[in-house]
Amino acid sequence: MGGSLPDAVWTKVLGTPSVVVPYANVDEANHSPNENLVVEHFYSGIETTCRVIAEMKNIKL
């Protein structure tokens with residue numbers, strides 16, 4: 001995870017569970033001149049995140 005993700009806000013401040021779903025492709029080359037992202041992977045990541053959040057209601061804490 002990069003330093004810019006606000007995960008501590010959810011877990012430490014609000015006391016809620018959190019999940020991180022990567023949307024990137026393997027050759028993304030973050031922050032380089034040839035950085036890229038496959039749009040289908042981005043949409044798939046959004047869909048996966050929505051499904052995970054929907055299932056979190058079933059977690060017994």
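**Close-up 1. Ile46 and its nonpolar neighbours.** Ile46 sits in helix α2, which covers residues 39–55. Keep in mind that this is a predicted model. With a relative accessible area of 32%, Ile46 is partly exposed. Ile46 joins Leu37, Val39, Phe42 and Tyr43 in a nonpolar patch on the surface, and the patch comes to about 450 Å².

**Close-up 2. The aromatic cluster.** Here Tyr23, Phe42 and Tyr43 make up one aromatic cluster. The count of aromatic pairs comes to 2. In the pair of Tyr23 and Phe42, the ring centres are 5.5 Å apart and the planes stand at 75 degrees, so this pair is edge-to-face. Tyr23 belongs to the loop between α1 (7–13) and α2, while Phe42 is in helix α2, so the pair ties together parts 19 residues apart in sequence. Neither ring's residue is hidden away: Tyr23 is partly exposed at 25% relative accessibility, and Phe42 is partly exposed too, at 34%. You've met two members of this cluster already, since Phe42 and Tyr43 also help make the nonpolar surface patch.

**Close-up 3. A salt bridge on helix α2.** Side chains of opposite charge can pair when their charged atoms come close. In this view, Arg51 forms a salt bridge with Glu47, and their closest N and O atoms are 2.9 Å apart. Searching the whole structure turns up 1 salt bridge, so take a good look here. Arg51 and Glu47 are 4 residues apart in helix α2, which means about one helical turn separates them. Arg51 is exposed, with a relative accessible area of 55%, whereas Glu47 is partly exposed at 43%.

**Close-up 4. Stepping back to the protein chain.** The secondary structure adds up to 2 helices and 0 strands. The radius of gyration is 14 Å, well over the 10 Å that the globule rule gives for 61 residues, so the chain is more spread out than a compact globule. Along the principal axes, the C-alpha atoms fill a box of roughly 45 × 25 × 10 Å. Of the 61 residues, 7% count as buried. The chain exposes about 5,200 Å², and carbon and sulfur atoms supply 62% of that area. What share of the contacts with a separation of 6 or more comes from residues 24 or more positions apart? That share is 29%.

Key
Residues are numbered from 1 along each chain as its sequence is written. This is a predicted model: local features need pLDDT of at least 70, side-chain atom pairs count only at pLDDT 80 or more; totals for chains, interfaces and linings use all residues. Side-chain values use heavy atoms; hydrogens and water are left out. Patches are made of residues with over 30% relative accessible area and no salt bridge: like charges are joined within 9 Å, nonpolar side chains (Val, Leu, Ile, Met, Phe, Trp, Tyr) within 5 Å. Accessible areas come from the Shrake-Rupley method with a 1.4 Å probe; for residues, only the protein chains shown count as cover. A salt bridge is a side-chain nitrogen of Lys or Arg within 4 Å of a carboxyl oxygen of Asp or Glu. Buried means under 20% relative accessible area, exposed over 50%, partly exposed in between (1.4 Å probe, protein chains only). The radius of gyration is taken over C-alpha atoms; the globule rule is 2.2 Å times the number of residues to the power 0.38. Contact means heavy atoms within 4.5 Å. Rings of Phe, Tyr and Trp (its six-membered ring) pair if their centres lie within 6.5 Å; planes under 30 degrees apart count as stacked, over 60 as edge-to-face and the rest as tilted.
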